[in-house]
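Grab a pencil and have a go at these exercises. Try each task yourself before you read its solution.

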Amino acid sequence: MPTAIVTGQPVPGSSLADDLGSLGFEVRTAADVGETEALLAAVPADRRVAVVDARFVGHVHALRLGLTDPRFPVSAIPGAVSVRPEARRALTRATARANSAAVDAGGSRAPLDRDTLADRLAAAVEADGEQVHRPDLGSLVAATPGGPEARHAAREAVAAVDEETVRLRSAVKARDGFVTTFLVSPYSKYIARWCARRGLTPNQVTTASLVTALIAAACAATGTRGGFVAAGVLLIASFVLDCTDGQLARYSLQYSTLGAWLDATFDRAKEYAYYAGLALGAARGGDDVWALALGAMILQTCRHVVDFSFNEANHDAAANTSPTAALSGRLDDLGWTVWLRRMIVLPIGERWAMIAVLTALTTPRVTFVVLLIGCAFAACYTTAGRLLRSVTRKARRTDRAARALADLTDSGPVAEAVARVARRVVPSGTAPFAAAAGALLVVILAALFGASWITAAGAAGYAVLSGAAVARPLKGALDWLVPPFFRAAEYGVVLLLAAEAEVNGALPAAFGLVAAVAYHHYDTVYRIRGNAGAPPHWLVRAALGHEGRTLVVAVLAALLTAAQFSVSLTALAVAVAVLVLVESIRYWVSAHRAGAPAVHDEGEPA
């Protein structure tokens with residue numbers, strides 16, 4: 001249980017102790033700085049500690065935002081400061097210095113002054129090198145009035161604000177798509193509140209969303225019109241729950257490392273499982289759309305890789321002077337263009353709504369064709385904008401960005417060996433061109449020659465060019481294109497060779513292999529976003545890297561019969577899935593138990 005130390009003389013009629021207790025704090029009181037230091041030393045080192053001025057007047061949600069957010073080691077609002085266990089030493093040092101300064105020449109302790117101890121401790125902790133999070137309270141009140149009149153005015157200010165309305169509004173993500181903002185969030189936030197009042201956690205809602213989507217996929221797999229209608233309805237229900245889990249996390253500040261991973265991972269699992277369900281349903285009706293389903297998954301995954309790579313490359317760029325970015329900022333001043341551009345890129349709300357409606361009203365083939373066209377247009381739009389930003393901006397990429405891009409490439413032992421040799425001879429600035437050349441080489445040969453040793457030789461050439469692409473640090477203006485080129489090449493070869501096999505089970509096996517590899521690539525992104533770095537090197541080597549898997553698939557296709565190739569794809573899919581899933585689950589569960597902070601999207605300012 002966290003501990004709150006209320007400092008200063010108690011204020012008659014104050015509800016502060018009850019408010020802190022409702023937030024789960026064990027409340028203790030200290031008359032001066034010396035008692036505060038003693039109480040702080042008595043609190044177990046693994047507990048969160050808050051120091052709050054006894055004169056504090058404000059909303060309970062202001063205290064919740066300032067004292068209980070698990071994402072930040074140190075957070076503060078006027079009159080209160082809170083630290084997680086990893087920042088306890090900084091608070092202890094700050095309190096000790098404050099206590100020494102408070103002892104006068106005669107040995108007596110100076111009373112707490114109008115500059116509250118909590119505020120002084122927050123400033124001292126920040127000066128000690130800790131980053132202090134100060135939440136945007138908006139219309140919420142947090143004050144330490146110095147007299148009866150000021151206290152009365154502060155209480156009137158508290159009464160004038162509908163705290164629950166503010167809390168609901170802040171539960172909604174600040175920037176989202178049109179469908180989510182106008183068709184889902186207006187009521188899903190009330191579902192989030194209902195869940196919070198019944199003690200449900202975001203992870204439970206996330207799991208419910210996954211189960212709902214899997215049931216939707218099962219309904220689609222029946223291949224009947226009733227099944228397709230039910231699948232569309234359930235997919236929308238799953239998306240509503242998907243919005244609810246994040247809103248519940250923001251409403252009650254129930255953030256966690258495990259929750260962030262589950263939310264991101266389950267989104268991909270739900271969508272791709274639904275693709276598989278549609279393909280199974282179409283097969284029951286005599287229509288083989290597995291190639292379309294796999295193509296949709298590949299296109300969507302490559303779109304995400306473009307997003308991830310570009311964002312990581314520019315995560316901490318030294319400058320942003322792109323005229324394209326300036327134009328985008330000016331367009332943001334025109335409200336309708338903001339929503340139009342958000343809809344064009346087909347975010348998850350728009351995409352799932354389109355899939356659900358098409359599933360209910362048309363056929364799986366029509367659904368996939370429209371989805372592929374829409375996603376292809378969105379990919380062209382976003383990639384073109386990012387290319388323009390990259391070539392027109394003046395910025396220096398940092399070592400962190402280069403490391404993140406190198407991790408996203410998923411280079412295996414073959415590419416690493418080539419990179420070590422080529423590092424001295426490959427000129428700088430050639431990375432995206434080498435990656436593009438390798439990708440085009442192997443994909444074109446796979447399309448023209450199918451399962452042959454020519455394609456296998458092309459895969460070997462792809463591995464060599466992949467090594468050349470990563471021989472130097474990826475700090476060029478267009479080096480963020482290297483990971484997407486690699487993803488498109490690997491996934492595309494698997495699709496082309498499986499489709500060329502023309503035996504039952506080849507394309508479903510390829511779907512499973514790409515899904516397993518895509519999970520590995522998504523997991524890499526989520527680890528980087530959580531500042532945990534890439535997956536362990538042994539895992540990347542054991543999974544052979546993108547170039548190793550591409551080479552193995554090409555050799556197996558040339559060496560085996562079509563039926564044997566299908567079996568080998570299944571075996572490879574199972575092996576990769578087991579390998580990456582076991583390590584991923586082990587990592588995220590251990591990170592959750594260790595209390596690692598998570599990164600979540602913020603809601604709207606209160």
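**Exercise 1.** Is Ile454 buried, partly exposed or exposed?

*Solution.* Keep in mind that this is a predicted model. Start with the cut-offs: buried is under 20% relative accessible area and exposed is over 50%. Ile454 has 43% relative accessibility, so it counts as partly exposed. Next, place the residue: Ile454 lies in helix H20 (residues 453-469). Finally, look around it: Ile454 joins Leu440, Ile444, Leu448 and Phe449 in a nonpolar surface patch of about 500 Å². The largest share of that patch, four residues, comes from helix H19 (residues 431-449).

**Exercise 2.** Work out why Cys375 is not bonded to Cys380.

*Solution.* First, recall that a disulfide is a covalent bond between the sulfur atoms of two cysteines. The cut-off for such a pair is 2.5 Å. Now check the distance: the closest cysteine sulfur to that of Cys375 belongs to Cys380 and is 11 Å away, so it's too far for a bond. Cys380 is in no disulfide either, and the total count comes to zero disulfides. As for their surroundings, Cys375 is buried at 2% relative accessibility, whereas Cys380 is exposed at 55%.

**Exercise 3.** Check the span of helix H9 (residues 202-221), then find which helices its buried residues pack against.

*Solution.* With 20 residues at 1.5 Å a residue, H9 should span 28 Å. Its end C-alpha atoms are 29 Å apart, which agrees. Now for the packing: buried residues of H9 include Val205, Leu210 and Cys219. The buried residues of H9 pack against helices H8 (178-197), H10 (225-252) and H11 (257-284). After H9 comes Gly223, with a positive phi near 75°.

How values were computed
Residues are numbered from 1 along each chain as its sequence is written. This is a predicted model: local features need pLDDT of at least 70, side-chain atom pairs count only at pLDDT 80 or more; totals for chains, interfaces and linings use all residues. Side-chain values use heavy atoms; hydrogens and water are left out. Buried means under 20% relative accessible area, exposed over 50%, partly exposed in between (1.4 Å probe, protein chains only). Helices (H or I, at least four residues) and strands (E, at least two) are DSSP runs, numbered from the N terminus. The expected span of a helix is 1.5 Å times one less than its number of residues. Contact means heavy atoms within 4.5 Å. Patches are made of residues with over 30% relative accessible area and no salt bridge: like charges are joined within 9 Å, nonpolar side chains (Val, Leu, Ile, Met, Phe, Trp, Tyr) within 5 Å. Accessible areas come from the Shrake-Rupley method with a 1.4 Å probe; for residues, only the protein chains shown count as cover. A salt bridge is a side-chain nitrogen of Lys or Arg within 4 Å of a carboxyl oxygen of Asp or Glu.
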